[in-house]
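Trainee: I have a model open and would like to go through it with you. Can we start with one residue and work outwards?

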Amino acid sequence: MSSRNNRLELIKKIEQERNSKVLVYFCGDRPLASANIADDAIRPLYDHLLALSISTKDVDTIDLYLYAVGGRLEVPWRIATMLREFFKNVNVIIPYKAYSAATLIALGADKIIMGKKGELSPIDPSLHVIAPEGTPPPAFPPQIGVEDISSYITFIKERAGLTDQSALAQTICILAEKLTPPVLGQIQRAHSHIRLVARKLLSLCQPPLEERRISTIVEALTEKIYLHGHGIGRKEAKEIGLQIEDPSLEIENLIWQLYVSYEHFLKLRTTADPLAYFPDDDTDEYREPDAVIACIESTEKLHVFKGTFYLKRIRKIPQQPTININLGLQLPLGIQPANIPPQVQQAIQQLLQEGAQLIREQVLKEIVRQSPIEGIMPRFIGGIWTESNE
């Protein structure tokens, strides 16, 4: 169901129905092993566009089939402008989730084709603060919603009714002490940058959108929807002012069948319970080599983002574990070691070595038994884009 041939058949049917070329950029959100939009996808995307441009002579429309729950906010502009270097008309197909950075990519399309389950999201960014190596972590959360700062000021002024300028200044000083002026500066830059990028992307649309309409869309996606996880369906997206197109029933069925195929291919419906990956209480590591968590696909090529899916149980080892082992080994009375034949001595020595190994295993198991699990660390190791024929 998730084979390359099956997906190619669906992609070709969508192309025939829409008289376009389809390029898939699918960042899976498999539990514990999610992928995001990132700049390392630019190179394989470019390879696909080169191949499509060579094989395509009479088609001037590309449909970017897009699925992602977020990613780097500097990447959407690079993808949107790259698509327009190869095709006159650029559309985005949203089968299901296209959040944050994926929503930004959609803003740069002439039309956004959304099925009944298609979802966009607000584009208010989050600032990830990473402490320099060797320094203690900051006192504030490592991830700060940029619009949360503005909401805090609004809450103080409007909800709490604080209007005195000196009191407001004192509140701002407390905020600066907690977040530090450099972090507040980064938040302001992110606040301005996301609006600039959204406007630039919307300015790519053909035919051009009115300035008032662009301002309304940017304001709605950055400020007017207060929860970042809010899913924007196609009806709400139309109300905001986006260029939404409802696909025909036949095309919508094809779009959803293709999504289900990727859902199987990238294992999106696997359990979110990390304990389910460990076969027993004595196993503390799980490895799944050659796991694929994202793909870029067209009729010409397939690239997959592949690596090792790794889980490790983190245990709190007691400082003084209680280990009681009593072997009670001794020779029977009346038997002197010198009187034992060499072959028997060798056999006894081998048994002692095997016993020592068994003791080590029992000690380790006992330490594990007495060490409660503090957490489970998921990692995706060695991820890289590679061309494939899966």
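Mentor: Start with Leu201, which is found in helix 7. Helices here are DSSP runs of H or I with at least four residues, strands are runs of E with at least two, and both are numbered from the N terminus. This is a predicted model, so local features need pLDDT of at least 70 and side-chain atom pairs count only at pLDDT 80 or more, while totals for chains, interfaces and linings use all residues. Residues are numbered from 1 along each chain as its sequence is written, and side-chain values use heavy atoms, with hydrogens and water left out.

Trainee: Is Leu201 buried or exposed?

Mentor: Leu201 is buried, with a relative accessible area of 0%. Buried means under 20% relative accessible area, exposed means over 50%, and partly exposed is in between, using a 1.4 Å probe and protein chains only.

Trainee: What is Leu201 in contact with, leaving aside neighbours within four places in sequence?

Mentor: Pro76, Trp77, Ala80, Leu104, Leu107 and Gly108 are in contact with Leu201 once those neighbours are left aside. Contact means heavy atoms within 4.5 Å. Take Leu107: Leu201 is 94 residues away from it in sequence, yet the C-alpha atoms are 5.8 Å apart.

Trainee: Switching to the sheet. How many strands, and in what order?

Mentor: It is an open sheet of 8 strands in the order 9-6-5-4-1-10-11-12, with mixed pairing. Two strands pair if DSSP finds at least two bridges between them. The edges are strand 9 (244-245) and strand 12 (373-387), each of which pairs on one side only.

Trainee: What joins strand 9 to strand 6?

Mentor: There are 2 bridges between strand 6 (residues 111-114) and strand 9, and the two run parallel. Ile112 stands opposite Ile244 in strand 9.

Trainee: Any side-chain link there too? Which salt bridge involves Lys111?

Mentor: Lys111 meets Glu245 in a salt bridge, at 3.4 Å from N to O. Lys111 lies in strand 6 and Glu245 in strand 9, so the pair ties together parts that are 134 residues apart in sequence. A salt bridge is a side-chain nitrogen of Lys or Arg within 4 Å of a carboxyl oxygen of Asp or Glu. Lys111 is partly exposed at 42% relative accessibility, and Glu245 is partly exposed at 23%.

Trainee: How many salt bridges does the structure hold?

Mentor: The structure holds 24 of them. Another one is between Glu252 and Lys116, at 3.5 Å from N to O. Glu252 lies in helix 10 and Lys116 in the loop between strand 6 and strand 7 (126-128), so this pair ties together parts 136 residues apart in sequence.

Trainee: Which is buried and which is exposed, Glu252 or Lys116?

Mentor: Glu252 is buried, at 12% relative accessible area. Lys116 is exposed, at 61%.

Trainee: And what about Glu223, what does it form a salt bridge with?

Mentor: Glu223 forms a salt bridge with Arg195, with the closest N and O atoms 3.1 Å apart. Glu223 lies in helix 8 (residues 211-224) and Arg195 in helix 7 (residues 181-202), so the pair ties together parts 28 residues apart in sequence. Arg195 counts as buried at 13% relative accessibility, and Glu223 as partly exposed at 36%. Elsewhere, salt bridges that share partners join Lys116, Arg234, Lys238, Asp246 and Glu252 into one network.

Trainee: Back to the sheet. How do strand 10 and strand 11 pair?

Mentor: They run antiparallel and are joined by 10 bridges. Strand 10 and strand 11 form a hairpin with 4 residues between them. Cys295 has Val304 in strand 11 as its bridge partner.

Trainee: What about strand 1 and strand 10?

Mentor: That pair is also antiparallel, with 4 bridges. Ala294 in strand 10 is the bridge partner of Cys27.

Trainee: Last topic, helices. Where do helix 2 and helix 3 meet?

Mentor: The axes of helix 2 and helix 3 (residues 75-86) come within 10 Å and cross at roughly 10°. Axes are lines fitted to C-alpha atoms, for helices over the stretch in contact, and angles run from 0 to 180 degrees between N-to-C directions. The residues in contact include Leu45 and Leu49 of helix 2 and Ile79 and Met82 of helix 3.
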